[in-house]
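Here is a short report on the pockets of a protein model. Take a look at the structure before reading on.

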Amino acid sequence: MNPGTATATPSATATPSVTATDPRPAPLRAPARPSAAAAVHSVSAATTVLLALVAIGAMIHEPVLIPPLAASAALIHSAPTLPLAQPRGVVVGHMIGAAAGYAVLAAAGSSAWAAALAAGLTLALLTLARTPHSPAVATAVVTVLQTPAPARFVPLLFGSTVLLVLTGYAGSRVRRKAPRYPAYWW
């Protein structure tokens, strides 16, 4: 036996004792229902920024609102303290998703198979970059399946993600009891 290592006896692992100092986490439960004011605030803020993206798209005659951005808005405004909702994950994550999507598109073309590959590649890159943001995986899929022109799509995507983050920041300061967004910037 190496110094500093311990072995457990079968009886010690078969019936663990539960005490006040038990290191096991408490059972997971659904989050508490938000107050009516908090729910209205979150839904209103998310809807407002999504409508703004639609308005911008209408003004420039380009689709700016894509499904992954709606998911990002939901995370930012409904769960602002989660790592998935933080600016680094939102902005950098979507850029990684677009880059992976375009890389796979260039190598394999536009197909459901290629979109699935782009999604997996994006997830791997997000993990390596420590930028968790699941909607960014969907951005890679959209990129492969819709094949938007990168010169138009990428700047619009970047601007949209920045707008989402800024509205999350502003929205968290409008209501005094709202959790502050972001929990961290980078």
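What follows describes two pockets and the residues that line them.

The model is predicted. Start with the largest pocket. Its volume is about 390 Å³. The lining counts 22 residues, and those closest to the centre are S42, H77, S78, A79 and P80.

Which helices supply at least two residues each to this lining? They are α2 (36-60), α3 (67-78) and α7 (150-174). The largest share comes from α2, with five residues. By class, the lining of the largest pocket holds 12 nonpolar residues, eight polar ones and two charged ones.

Now turn to the second largest pocket. About 180 Å³ of space lies in it. Its lining is made of E62, P63, L65, I66, P67, V142, Q146, P148, A149, R152, F153 and L156. Two or more of these residues come from each of α6 (134-146) and α7. Here α7 gives the most, namely three residues. The class split is nine nonpolar, one polar and two charged.

The table sets out the pockets by volume and lining.

| Pocket | Volume | Nonpolar lining residues | Polar lining residues | Charged lining residues |
|---|---|---|---|---|
| Largest pocket | about 390 Å³ | 12 residues | eight residues | two residues |
| Second largest pocket | about 180 Å³ | nine residues | one residue | two residues |

One helix links the two descriptions. For the largest pocket, α7 is among the helices that supply at least two lining residues. For the second largest pocket, α7 is the top contributor.

Notes: Residues are numbered from 1 along each chain as its sequence is written. This is a predicted model: local features need pLDDT of at least 70, side-chain atom pairs count only at pLDDT 80 or more; totals for chains, interfaces and linings use all residues. Side-chain values use heavy atoms; hydrogens and water are left out. On a 1 Å grid over the protein atoms alone, a cavity is a set of points where a 1.4 Å probe fits but cannot get out, and a pocket is an open set with protein on both sides within 12 Å along at least five of seven lines; lining residues have an atom within 4 Å of a point. Grid points are joined across faces, edges and corners, and a volume is the space filled by probe spheres set on the points. Helices (H or I, at least four residues) and strands (E, at least two) are DSSP runs, numbered from the N terminus. Ala, Val, Leu, Ile, Met, Phe, Trp, Tyr, Cys and Pro count as nonpolar, Asp, Glu, Lys and Arg as charged, and the others, Gly among them, as polar.
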